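I opened the model to look up charge pairing, helix geometry and surface exposure, and I kept the entries in that order.

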Amino acid sequence: EKTEFREPTTFRDIMSNSKEAGRVVREAANHFKEIQKYKPKVEPRTPKSNKGANSNSQRLFMKMQDSMALSCLKAVQQAYKNRAQMEAQAAKMDQVLLQRHQHKVMLARVDAIKNAARIEALHKRELD
């Protein structure tokens, strides 16, 4: 049974829609609980042990085989990580250089304004 919800226009419609929605949710939750009651319980399986790898040297060999299989993937992952770090560092360095350049330009403008004011003051003195 599917319940259709329509666009509410009044407060009474809003309340009836929310009650209906709550009823539908409760029915679905009860149905789910009923299904779970009759579902058979599954015991987690224990992992199989390597029956051939009893000695320490055999276990070490198996561990080395696993790590060698993943070592190339780890190297690629590390290369990507290093590249990302280098790109971030380069971006920061570019930002620092840009800010330093802007600072030098600003200082040059201040010096030019001061020199212009100084020259103007000297001309004023000469005329007086």
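For charge pairing I took a salt bridge to be a side-chain nitrogen of Lys or Arg within 4 Å of a carboxyl oxygen of Asp or Glu. The model is predicted, so I noted that local features need pLDDT of at least 70, that side-chain atom pairs count only at pLDDT 80 or more, and that totals for chains, interfaces and linings use all residues. Residues are numbered from 1 along each chain as its sequence is written, and side-chain values use heavy atoms, with hydrogens and water left out.

**Salt bridges**

I found four salt bridges in the structure. E27 and R23 are joined by one of them, at 2.4 Å from N to O. I checked their placement in helix α1, where E27 and R23 are separated by about one helical turn because they are four residues apart. R23 also forms a salt bridge with E20, with 2.3 Å between the closest N and O atoms; these two residues lie three apart in helix α1 (residues 11-38), again about one turn of the helix. I therefore recorded E20, R23 and E27 as linked in a network of salt bridges. An α-helix has 3.6 residues a turn, so residues three or four places apart point the same way.

For exposure I used relative accessible area, with buried under 20%, exposed over 50% and partly exposed in between (1.4 Å probe, protein chains only). R23 counts as partly exposed because its relative accessibility is 27%, E20 is partly exposed at 23%, and E27 is partly exposed at 43%.

In helix α2 I looked up E87 and R83, whose side chains meet in a salt bridge at 3.4 Å, N to O. They are four residues apart in that helix, about one turn, and E87 is partly exposed with a relative accessible area of 47%.

**Helices**

I counted two helices and zero strands, where helices (H or I, at least four residues) and strands (E, at least two) are DSSP runs numbered from the N terminus. The expected span of a helix is 1.5 Å times one less than its number of residues. For the 72 residues of α2 the expected span is 106 Å, and the end C-alpha atoms are 101 Å apart, which agrees. I also noted a kink of about 35° in α2, centred on S71; the bend at a residue is the angle between axes fitted to the seven residues ending there and the seven starting there.

**Surface**

Of the 128 residues of the protein, 2% count as buried. The protein exposes about 12900 Å², of which carbon and sulfur atoms supply 59%; accessible areas come from the Shrake-Rupley method with a 1.4 Å probe, and for residues only the protein chains shown count as cover.
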